[in-house]
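I opened the notebook to record what I looked up in this structure. The entries follow the order in which I checked things.

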Amino acid sequence: MRKFLLALMWVVLGFSDLTGQNFTGSWHGVLNVQSVKLRVIFNIEKTGDSLISTMDSPDQGAMGLPISRTYPNGTELVVSLSSA
């Protein structure tokens, strides 16, 4: 299940307006995979002009998984996790 989660994960967090917003910090949610609900936490930090993120999956005992890309896309914040 963990490989499935990592291989297929694209999480898009919607924001009404990213301009001037401070979206750093910890964002909590639940991922529904078949009949299993997994808690996920995205930890987002700003470094210069870039965003750096990690993901925690407490139900799987996975903490500090590095996020491949975190970037604003229009009115959304895209968080992408690669299994490679």
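**Entry 1: one residue and its neighbours.** I began with N43 and listed what it touches, leaving out residues up to four places away in sequence: G25, S26, I52, S53, T54 and D56. I noted that the model is a predicted one. N43 lies in strand β3. Is N43 buried or exposed? Its relative accessibility is 18%, and the cut-off for buried is under 20%, so I wrote N43 down as buried. I then looked at its side chain, which makes a polar contact of 3.2 Å with the side chain of D56. D56 is also among the residues in the list of touches.

**Entry 2: the order of elements.** I counted 1 helix and 7 strands in the protein chain. Read from the N terminus, the order is α-β-β-β-β-β-β-β.

**Entry 3: the core.** Which residues make up the largest nonpolar core? I found 8 of them: V40, F42, M55, A62, L65, I67, V79 and L81. Strands β3 (36-47) and β5 (62-66) each give at least two residues to this core. For the protein chain of 84 residues, I noted that 35% count as buried.

**Entry 4: strands β6 and β7.** I followed β6 (residues 69-73) to its partner β7 and found the two antiparallel, with 5 bridges between them. One facing pair is N73 and E76, the latter in β7. The hairpin formed by β6 and β7 has 2 residues between the strands, and G74 there has a positive phi near 70°. Why is β7 described as largely enclosed by the rest of the structure? In this strand (residues 76-80), 4 of the 5 residues are buried, so I accepted that description.

**Entry 5: contacts and surface.** I took the contacts in the protein chain with a separation of 6 or more and asked what share comes from residues 24 or more positions apart. The share is 38%. The protein chain exposes about 5,500 Å², and carbon and sulfur atoms supply 51% of that area.

**Entry 6: confidence.** Last, I checked the pLDDT. The average for the protein chain is 77, and 71% of the residues score at least 70. Where does pLDDT stay under 50? It does so over residues 3-19. For that stretch the model has 44 contacts beyond four places in sequence, and I marked them as belonging to a part with pLDDT under 50.

Note on methods
Residues are numbered from 1 along each chain as its sequence is written. This is a predicted model: local features need pLDDT of at least 70, side-chain atom pairs count only at pLDDT 80 or more; totals for chains, interfaces and linings use all residues. Side-chain values use heavy atoms; hydrogens and water are left out. A nonpolar core is a set of buried Ala, Val, Leu, Ile, Met, Phe, Trp, Tyr and Cys residues joined through side-chain atoms within 4.5 Å. Buried means under 20% relative accessible area, exposed over 50%, partly exposed in between (1.4 Å probe, protein chains only). Two strands pair if DSSP finds at least two bridges between them. Contact means heavy atoms within 4.5 Å. Accessible areas come from the Shrake-Rupley method with a 1.4 Å probe; for residues, only the protein chains shown count as cover. A polar contact is a pair of N or O atoms within 3.5 Å; within protein, one must be able to donate a hydrogen and the other to accept it, and residues adjacent in sequence count only if both atoms are side-chain atoms. pLDDT is the predictor's confidence in each residue, from 0 to 100.
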